[in-house]
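Good morning, colleagues. Please look at the sequence and the structure on the screen before I begin.

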Amino acid sequence: MLSWRAPLKNDLEGVYKVDYAGEPYIFTQFEAIDARDSMPCFDEPGFKMPIALRITAPKGNVAVANAPLASSTNVEGGTRYAFKATQPIPIYLLAFAVGPLDVVDGPVLDKNALRDRPLPLRGIAPRGQGAQLKTSLAISGQIIAWLEQWFGVAYPYDKLDIVAVPDFAAGAMENAGLVTFRDALLYVDANSPIGLQKGNAYVIAHEFAHQWFGNLVTMAWWDDVWLNEAFASWMENLAVHAVRPDFNALTEARAGTDWVSGEDSLVSARQIRQPVVSKGDIINAFDGITYTKGAAVIGMFEHWLGEKAFQQGVRAYMAEHRFGNATAEDLLDSLSRNGRRDVATPFSTFLDQPGIPYLEAKLVCQSAPVLEVKVSRFLPVGSTGDRNKGWGMPVCARALGADGKWSESCALIDGREGKVPLTGRSCPKAVHPNADGIGYYRWSLPADQLKGLVKQLKTLAPGERISLKNALRAGYASGTLPFADALTGAEPLARDLEPTVAGAPSGFLWNAHDDLVEPASRGKVRARLASLYRPVLDAVGKLPKAGEDPRVRERRALAWGMLAGAEDKAALADLAKLGRVALGLDGPPGDIPADLKDAAIGAAVKQGGAPVFDKLVERLATENDSMMRRYLIGALGSVDDEPLAGRARALSLDARLRTNEVLSPLWPQAGDVRTRDATWAFVRDNLDALIKRLPETFGADSLPGLASGFCTEARAAEVDAFFKERASSVPGMERALAQSVESIRLCAAKAAVHRDGARRLFR
Ligand SMILES: [Zn+2]
């Protein structure tokens, strides 16, 4: 019998305390290895066991845990809760919560062909907040039902609770049967901003997918955490597509490749399966490579293998390892067996080496048309990496025939070069080297063939337009596509009906604005940005109409955000008016369109100056709504005039901010070229205090990222020297530092290539 005492922590790790609306609560976050902060245990994922918890809580409190309650007994001063033993779980999935909690009933899923008992869903929230979980509980039921059918395996545990946590480091955590979320992600209904409604569905689907990927079958060691995260990230899109087709999840899945390809172009990028020998390695493993690249690679191989064969492979893997542990080899073996081809060899080339492939593609029509490809590692101009890499890579191209129809052809390219034979005899009118954008690679075409493809923009699938946007970014980053060509190629995409495509030109313009043109010319760059998105706003209308497609709502929010970023006077005035209403600055607060709140409150603070700034800082002491807090802190953090900007930075160390809000005012300060230097000075002066206030994971380790917006060699050296010593004692910070410094150096090299081109355009 072991006996021990441990203090409650306050840094969102282990067993930690949160004060909410004046009352104390206890929540837990054990992944990855923070259970050991609170109790003696073996919290390596390879150890799975049933766990029976008993919790004695003072009067007026409720306790919940992974498993259903077995009994509760009144004891002196409170209640003793005894929970049933769990199914075998690793310690990192253990969880409980104690406090004056609301417990609300959600739907009960009837028993079905897979599950021999009903499954009750409940929502848990701080006192008074339970009613806000209604919509989340409803979609939770739909998602679980869909996942059970996909896996062909019943939900593995006896009950399922979703828990709204007011201060939480990550987005959510898939604890078996007791899934915890940032509260704002669950307090969602049909009146919420469209981005939040979608985030709610995605995160719930992600955590629920883990109940199979990760919980039922757990990775044997942390180097295979992609078996959890890549799969849950891939699966969330399928599940959301099934229950909310209007959320456009399959197209958004394609945007992941575009988003993560910058990170994967760094020499300091991780591999999906990177050896793990330290706590820092584990923290680093929860990155864009594991989640987003992992999901994209899975999507590519699912397409190659076929949906059915892939699903059978996953089902067989689940059946073989249920309630146990498994490795990447186990999964790849199962996929190969069920797909009747060798999946393991090509798939491993993506797991075990870093980088995104670069496909130099060329349509050749000598006899039968083929797409000839040369493969190397994509590296931006200035990179010190080795381009001579190959992959085992399914490549699918689409070609436009003389009959006006697009058709797809696929081939497995092994190594450094190969050919994709295209259908038909005659030479295609155009070719896209990444059909539906499903492939995890960047590509280029000869200039005339790229022009031919751009002419067909309107007939390309959404995933192909996202992939085209990525190709423009790749050409620009590698220095082969001049500034003017990149911009003119991307500008028509601003009017694209897909919100994930429509932001395309802004990246080039912000690069010019911050790091290429003379400061005196920045106004011209912003005017160009505004000129691209004013017509978008005119097309979708300034204000929402009932029953709109989510994509229209997102394009409206995007256009307002772009115009606000461009400091378009008319837009800022319109937004500030709305923002004052939302904040109740001129009377009682009123409703404004949810999708515009972010930009509107930002504009109201910018326009209102110190009096509004002061009022909102004061409000942070009493405002309990996490979403409103996010708007407030985002708006306060976005002021650019001193001395207000200095006060915004100082907020990060203000006791009125929650632990998971500490970095929120600093990111916009670091991202604005006018406050970038001052933010860096602030980080240098307050490093110890920041590290002390932040959690280790998703906190202190990310601090070097605040300097990654710099763009000169001198700054790269300075950032490196400043953090170097500190980084070795903060788990995970060394890689974050390497990536930040490399990004700064690459930005400097890119600026050297594009500076003249941008200055010619914006004189
Ligand atoms: Zn996850």
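I shall speak about one helix and then about several salt bridges.

Please bear in mind throughout that this is a predicted model.

Let me begin with helix 7, which covers residues 288–305. How far apart are the end C-alpha atoms of helix 7? They lie 24 Å apart, and since 18 residues at 1.5 Å a residue should span 26 Å, the two values agree. Helix 7 nevertheless has a kink of about 25°, and this kink is centred on Gly294.

Next, the two ends. At the N-terminal end, Asp287 acts as the cap of helix 7, with a side-chain oxygen 3.1 Å from the backbone nitrogen of Ile289. After helix 7 comes Gly306, which has a positive phi, near 100°.

As to its surroundings, helix 7 is largely enclosed by the rest of the structure, because 15 of its 18 residues are buried.

I turn now to charged side chains. How many salt bridges does the structure hold? The count is 53, and I have selected a few of them.

The first example I wish to show is the pair Arg115 and Glu148, whose side chains form a salt bridge with an N to O distance of 2.7 Å. This pair joins distant parts of the chain, 33 residues apart: Arg115 belongs to the loop between strand 8 (101–109) and strand 9 (119–126), whereas Glu148 belongs to helix 1 (residues 134–151). Are these two residues buried or exposed? Arg115 has a relative accessible area of 2%, so it is buried. Glu148, at 0% relative accessibility, is also buried, because the cut-off is under 20%.

The next pair is Arg254 and Asp436, where the salt bridge is 3.2 Å from N to O. Here the partners are 182 residues apart: Arg254 sits in helix 5 (residues 249–260), and Asp436 sits in the loop between strand 20 (430–432) and strand 21 (442–444). Arg254 counts as buried at 18% relative accessibility, while Asp436 is partly exposed at 29%.

A further salt bridge connects Arg551 with Asp549, the closest N and O atoms being 3.3 Å apart. In this pair Arg551 is partly exposed, with 27% relative accessibility, and Asp549 is likewise partly exposed, with a relative accessible area of 32%.

Finally, I would draw your attention to a network of salt bridges that links Arg526, Glu567, Asp640, Asp672 and Arg674.

Thank you for your attention.

Notes. Residues are numbered from 1 along each chain as its sequence is written. This is a predicted model: local features need pLDDT of at least 70, side-chain atom pairs count only at pLDDT 80 or more; totals for chains, interfaces and linings use all residues. Side-chain values use heavy atoms; hydrogens and water are left out. Helices (H or I, at least four residues) and strands (E, at least two) are DSSP runs, numbered from the N terminus. The expected span of a helix is 1.5 Å times one less than its number of residues. The bend at a residue is the angle between axes fitted to the seven residues ending there and the seven starting there. Buried means under 20% relative accessible area, exposed over 50%, partly exposed in between (1.4 Å probe, protein chains only). A polar contact is a pair of N or O atoms within 3.5 Å; within protein, one must be able to donate a hydrogen and the other to accept it, and residues adjacent in sequence count only if both atoms are side-chain atoms. A salt bridge is a side-chain nitrogen of Lys or Arg within 4 Å of a carboxyl oxygen of Asp or Glu.
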